Amino acid sequence: MIKIRIAELNVLIHNIYPYCESFCAAYRAEFDTADIEVAVSEEEVQKEMADGTGAFPVGYYEVICVYRKIALCLPQFGGFVFHASVVECDGKAYAFAAPSGTGKSTHTRLWLKVFGDRARVINGDKPIFRLTEKGWYAYGTPWQGKEHWGANAAAPLQALCFLTRAEQNRIEPLGDEEAVGRLFHQVLLPSDAATADRFLTLLDDLITHTPTYLLGCNMNDDAALVAFSGMQKEN
């Protein structure tokens with residue numbers, strides 16, 4: 001059994017394998033009452049292995065199952081997991097989303113290179129976005145992607161940015177309809193009606209209150225500067 005705290009929520013995990021304990025070590029916490037409680041069966045782990053490559057330790061597949069179950073509970077607490085890389089710069093969070101192979105990791109590296117100590121990665125793969133009394137915040141999670149970029153930290157969400165490759169760097173605001181279409185490719189949709197309804201309400205609020213952009217970028221340092229400058233403007 002593991003107790004962790006993510007996105008200001010107490011999560012109790014009834015794990016099977018010790019891999020899960022080391023994987024979540026940076027988020028361990030002590031509490032009496034859990035907001036979210038999850039358990040994964042051996043059958044679920046074996047199915048995850050069968051659906052995947054089977055090339056990783058069995059505990060790795062358990063943490064995937066744990067992630068999915070936590071993610072499906074989050075909408076009732078005003079949050080959800082978003083497939084993106086989140087960089088904090090000057091105290092604000094900027095989320096970058098793109099199909100695999102587009103250059104999300106490369107662009108994240110550019111921000112770390114260009115902005116130095118002003119920037120850090122909150123999460124490189126599966127951050128949590130949560131609506132708080134102060135607005136939308138991005139939170140780190142143990143699920144950080146192959147680069148293992150992340151921190152047990154949070155920052156107010158300044159903007160969402162979808163990446164495409166381009167010879168010249170340019171950034172432009174997205175309309176709500178196009179933003180919704182792109183957002184749906186980066187989230188895990190709940191299957192039950194009540195949770196799905198809550199989830200869609202949250203997505204609508206996120207788009208309404210968070211500037212959303214499309215960045216055409218190359219792999220030069222200037223891409224980070226164009227992105228940062230463009231996301232200081234209002235939609």
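These are my notebook entries on a predicted model, covering its helices, its strands and a few backbone angles.

**Entry 1: the small sheet**

I began with the sheet built from β1, β2 and β3, which is open, has three strands in the order β1-β2-β3, and shows mixed pairing. I noted β1 (2-6) and β3 (36-39) as the edge strands, each pairing on one side only, and I took down an average twist of 25° from one strand to the next. For the pairing of β2 (residues 9-14) with β3 I found four bridges, with the two strands running parallel, and within that pairing V11 stands opposite I36 of β3.

I then checked the loop between β1 and β2, where A7 is found. The phi of A7 is positive, near 50°, although the residue is not a glycine. Is A7 buried or exposed? Its relative accessibility is 4%, and A7 therefore counts as buried, the cut-off being under 20%.

**Entry 2: α2 and α3**

Next I looked at what lies over this sheet, and I found that α3 lies across β1, β2 and β3, running at about 145° to β3. I followed α3 (residues 58-73) to its packing with α2 (residues 42-51), where the axes are 9 Å apart and the angle is about 105°. That angle makes α2 roughly perpendicular to α3.

I listed the residues on each side of this contact: α2 contributes E44, V45, Q46, E48 and M49, while α3 contributes V58, Y61, E62, I64, C65, R68 and K69. Sorted by class, the contact of α2 with α3 has six nonpolar, one polar and five charged residues.

**Entry 3: α4 on its own**

I turned to α4 (residues 104-115), a helix of 12 residues, and compared its span with the expected one: the distance from its first C-alpha to its last is 17 Å, close to the 16 Å expected at 1.5 Å a residue. Just after α4 comes G116, for which I read a positive phi near 55°.

Which residues of α4 are buried? I recorded K104, S105, H107, T108, L110, W111 and F115. I then asked what these buried residues pack against, and the list holds five strands by name, β5 (85-89), β6 (92-97), β7 (119-123), β10 (154-165) and β12 (212-217), together with the helix α7 (222-230).

**Entry 4: α4 against α7**

I took the helix partner from that list and examined how α4 and α7 are placed: their axes come within 8 Å and cross at roughly 85°, which makes α4 roughly perpendicular to α7. On the α4 side I noted H107, L110, W111, V114 and F115, and these meet A223, A224, L225, A227 and F228 in α7. By class, the contact of α4 with α7 divides into nine nonpolar residues, one polar and no charged.

For α7 itself, I found A223, A224, V226, A227, F228 and G230 to be its buried residues. What covers them includes β5, β6, α4, β11 (170-173) and β12.

**Entry 5: the strands under α4**

I went on to the strands that the buried residues of α4 pack against, β5, β6, β7 and β10 among them. Five bridges join β5 to β6, and the two run antiparallel, with E88 having A93 of β6 as its bridge partner. On the other pairing of β5 that I looked up, four bridges join it to β7, again antiparallel, and C89 stands opposite A119 in β7. For β6 and β10 I also counted five bridges, but here the strands run parallel, and the bridge partner of Y94 in β10 is A159.

I checked how far two of these strands are covered, and noted that five of the six residues of β6 are buried, as are four of the five residues of β7.

**Entry 6: the turn between β5 and β6**

Finally I looked at the hairpin that β5 and β6 form, which has two residues between the strands. D90 lies in this loop, and its phi is positive, about 55°, although D90 is not a glycine. How does D90 stand in accessibility? With a relative accessible area of 44%, D90 is partly exposed, whereas A7, in the loop between β1 and β2, counts as buried.

Technical notes
Residues are numbered from 1 along each chain as its sequence is written. This is a predicted model: local features need pLDDT of at least 70, side-chain atom pairs count only at pLDDT 80 or more; totals for chains, interfaces and linings use all residues. Side-chain values use heavy atoms; hydrogens and water are left out. The expected span of a helix is 1.5 Å times one less than its number of residues. Buried means under 20% relative accessible area, exposed over 50%, partly exposed in between (1.4 Å probe, protein chains only). Contact means heavy atoms within 4.5 Å. Axes are lines fitted to C-alpha atoms, for helices over the stretch in contact, and angles run from 0 to 180 degrees between N-to-C directions. Angles under 35 degrees count as roughly parallel, over 145 as roughly antiparallel, 65 to 115 as roughly perpendicular and the rest as oblique. Ala, Val, Leu, Ile, Met, Phe, Trp, Tyr, Cys and Pro count as nonpolar, Asp, Glu, Lys and Arg as charged, and the others, Gly among them, as polar. Two strands pair if DSSP finds at least two bridges between them.
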